[in-house]
Amino acid sequence: MGSLSETDVRTPSAVMLIGIPASGKSTFYKQRLFDSHLRINPDQLRSHHREHALLEACLATQVSFVVDNTNATRIVRSRIVDLARSAGFRVIGYYFRSKLTEALQRNHLRDRHARMPVKGVLGISGQLERPSPAEGFDELWYVRMDGQGGFVVDQWGKNP
Ligand SMILES: Nc1ncnc2c1ncn2[C@@H]1O[C@H](COP(=O)(O)OP(=O)(O)O)[C@@H](O)[C@H]1O
Ligand SMILES: [Mg+2]
């Protein structure tokens, strides 16, 4: 990723991670965004009310945040994009390469309590709509695992 301009440094960012379960979203957050962005994650918050309250608090206080959820459909993303843009945030999307067979394997290897039912993974995979810059993203990136526990990030549209 290139260096940030002064405006980028001052302007808070709303980051959306987009990908089916076990595509690597939360791991990516811990590796790349933990120090700079507050994390809004449904597994941790366990209610829509809390998710919304935390999102509103970030917007009101101009704190950069990540929505660490599947964000699989355009309609779900558009709500977040609209709120964030109205509050003056930059909107950044990271799409995680979502190969279903690989995600099912990774999901299967998780601890029992962290594992999602296969049906749930299939359901989200069926709903997944690829994002587009036209949805209002200031930046959109394509993320894949690098085979060594880390990630490779390519500009959207330049992905292999
Ligand atoms: N970069 C990576 N390389 C290899 N395995 C990974 C990588 N990132 C995540 N994983 C594995 O995939 C599983 C799902 O990752 P996670 O970050 O929890 O996905 P998500 O948040 O999208 O559900 C984890 O159990 C982890 O072991
Ligand atoms: Mg996760």
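Gln62 is placed in the loop between helix H4 and strand E3, and in this predicted model its phi is near 60°, a positive value in a residue other than glycine. Most residues other than glycine have a negative phi. Gln62 is partly exposed, with a relative accessible area of 39%. The loop between H4 (48-61) and E3 (65-68) also holds Ser64, which at a relative accessible area of 16% falls under the 20% limit and is therefore buried. A polar atom of the Ser64 side chain lies 3.0 Å from the backbone nitrogen of Ser13, and residue 13 is where strand E1 (residues 13-18) begins.

A positive phi, near 45°, is also found at Asn71, again a residue other than glycine. Asn71 lies in the loop between E3 and helix H5 (74-86), and Asn71 is buried, with a relative accessible area of 2%.

**Strand E3 and its partners**

Strand E3 is covered on both faces, since Phe65 and Val67 on one side and Val66 and Asp68 on the other are all buried. In a regular strand the side chains alternate between the two faces of the sheet. E3 runs parallel to E1, to which four bridges join it, and within this pairing Asp68 of E3 is the bridge partner of Leu17. Strand E2 (residues 38-40) also pairs with E3 in the parallel sense, over three bridges, and here the bridge partner of Ile40 is Val67.

**Strand E4 and its partners**

Which residues of E4 point one way and which the other? Arg90, Ile92, Tyr94 and Phe96 point one way, Val91, Gly93 and Tyr95 point the other way, and all are buried. Because seven of the seven residues of E4 (residues 90-96) are buried, this strand is largely enclosed by the rest of the structure.

E4 pairs with E1 in the parallel sense over six bridges, and Leu17 has Tyr94 as its bridge partner in E4. Leu17 is thus a residue with a partner in E4, Tyr94, and a partner in E3, Asp68. Strand E5 (residues 139-145) also runs parallel to E4, the two being joined by five bridges, and in E5 Trp141 stands opposite Tyr94. Tyr94 therefore links to Leu17 and to Trp141 while belonging to a strand that is largely enclosed because its seven residues are buried.

**The surroundings of ligand 1**

The shell around ligand 1 consists of 14 residues, of which the closest are Ala22, Lys25, Thr27, Arg110 and Gly150. Helix H2 (residues 25-33) contributes the largest share of this shell, three residues. The side chains of Lys25, Thr27 and Arg110 each place a polar atom by an oxygen atom of ligand 1, at the distances set out below.

| Side chain | Distance from an N or O atom to an oxygen atom of ligand 1 |
|---|---|
| Lys25 | 2.8 Å |
| Thr27 | 2.5 Å |
| Arg110 | 2.7 Å |

Ligand 1 on its own has 550 Å² of accessible area, and the protein covers 74% of this. The space that ligand 1 takes is the largest pocket.

How values were computed. Residues numbered from 1 in each chain as written. Chains lettered and ligands numbered in written order. Predicted model: local features only at pLDDT ≥ 70, side-chain atom pairs only at ≥ 80, totals over all residues. Heavy atoms only, no water. Buried < 20%, exposed > 50% of the residue type's maximum accessible area, 1.4 Å probe, protein only. Pairing = 2+ DSSP bridges. Near = heavy atom within 4 Å. Polar contact = N/O pair within 3.5 Å; in protein donor to acceptor, adjacent residues only side chain to side chain. Areas by Shrake-Rupley, 256 points an atom, 1.4 Å probe, with all protein chains shown as cover. 1 Å grid on protein atoms, 1.4 Å probe; cavity = no way out; pocket = protein on both sides within 12 Å on 5 of 7 lines; lining within 4 Å. Sits in = over half its atoms within 2 Å of the grid points.
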